[in-house]
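Trainee: Hi! Could you walk me through this structure before lab?
Mentor: Happy to, let's take a look together.
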Amino acid sequence: MAYYAFRGKIALIFLMIGSLLILQFPVMAAPVPFSPSTSDEQLMELMEKSLSIVEIDKEINRIQDQKAALEQDMKLKNKRLGEQELLIADKREAAGRVLRAYYMGERDLLIRALLSFRSLQSWLTSLDYIEIIFSQDKLAIDSYLDGIRRLKDEYAAMDTRKSELSKMETRLQTQRNRVLALENQIDGQLAGRSDADRLRLLMSELTDYWETAGVEEVENYFRALSKAMQKLPGWVQDNKNYLEIKGFNYTLRVPQEALNSFLREQDERFEHFSFTFSEGKITAQGTKDGMEISVTGHYTVEDEPQNGIIFHVDELLFNGFALPDTTRRSLEDKFDLGFYPGLIISFLKATAVDITDGELVVKLKVAL
């Protein structure tokens, strides 16, 4: 309940800010305060659902764009497969003629003719001629076999694309169902309410604020973090007191105070942002110009495509409102917040990562 009470206060603050903005810009509709009968928890839930609909709609658009691109690619590949099959048919005929010649003994005649020459000059000339014939025979058969292999590879790649397309269609339908379910839930919660229009106005104001200011600000923080993380290996090299060495094993211990200092050196926006390490989670939180952003996540060790510890966003709050998983995954895909030990020393490899109270601990070993 304390959590919802806190979020409710944030909602109230947001509404007050919205009221001030509307007073400053009279062309916008004046905000209508939510009904006293509406609890803070209910208001937060409606607000979050409206944000989720907007963000999931973006994911639907992304999937539709990917699906259209894949379908176009498959169309081009199908055309190329048809062209390859025609070429293979020609090569098959050429290879067939060669094989028939050997089967019918026509090439044996060449060998016997070679043995019947009496002069060295005629023998050498015939040998050159026969070598050309055999080379052409081999080329025809190899060309046919190579074409068959390429065709099989293309068909295998097409099967993979068909599987990808099927998965995209499933994802697309899943996200559409999510939006429909959220819209039905909102309609159900607002049905019969005397303040339904007012609540819809508040939801619209929140989504507009997120779209016009919030998205850009969140992405700016992620972009700044991504750039800073690229410089972290160099910072570790300059601060080897955080690196413990025992034989072939290394342990990197980064206190949260040290990381915060490093980040503030990289970008002034982190003067309003701070990281805390606790119970396996990293939380980055900051407030600027009345906009509060909170990101909570964890690290995992991954070897592909490059060994490192990769950050995963578990929760993203904008002014106290939770954004959906699609937004979190989109930010992960767009901005790399990973840490790659190989950039400190080329032969170092991360083997484990842990977050204790106030400290990030990365286990490393020499990769021989």
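Mentor: We can talk about confidence, then a pocket, then a pair of strands.

Trainee: Okay, what kind of model is this?
Mentor: This is a predicted model. The mean pLDDT of the protein chain is 79, with 73% of its residues at 70 or more.

Trainee: Which elements have the lowest and the highest mean pLDDT?
Mentor: Helix α1, residues 2-24, is the lowest with a mean of 40, while β6 is the highest with 94. The pLDDT is below 50 over residues 1-38, and that stretch has 51 contacts in the model beyond near neighbours in sequence.

Trainee: New topic: what volume does the largest pocket have?
Mentor: About 250 Å³. Of the 17 residues lining the largest pocket, I310, E332, D336, L337 and Y340 are the closest to its centre.

Trainee: And which elements give two or more residues to that lining?
Mentor: Those are β6 (308-318) and α7 (325-334). The most comes from β6, with four residues.

Trainee: How do the lining residues divide into nonpolar, polar and charged?
Mentor: Nine are nonpolar, three are polar and five are charged.

Trainee: Switching again, do β1 and β2 run parallel or antiparallel?
Mentor: Antiparallel. Strand β1 covers residues 243-246 and strand β2 covers residues 249-255, and four bridges join them.

Trainee: What's the bridge partner of K246?
Mentor: That's N249, in β2.

Trainee: How many residues sit between the two strands of that hairpin?
Mentor: Two residues lie between β1 and β2. In the turn, G247 has a positive phi of about 65 degrees.

Terms used. Residues numbered from 1 in each chain as written. Predicted model: local features only at pLDDT ≥ 70, side-chain atom pairs only at ≥ 80, totals over all residues. Heavy atoms only, no water. 1 Å grid on protein atoms, 1.4 Å probe; cavity = no way out; pocket = protein on both sides within 12 Å on 5 of 7 lines; lining within 4 Å. Points joined across faces, edges and corners; volume = space filled by probe spheres on them. Nonpolar A, V, L, I, M, F, W, Y, C, P; charged D, E, K, R; others polar. pLDDT = per-residue confidence, 0-100. Contact = heavy atoms within 4.5 Å. Pairing = 2+ DSSP bridges.
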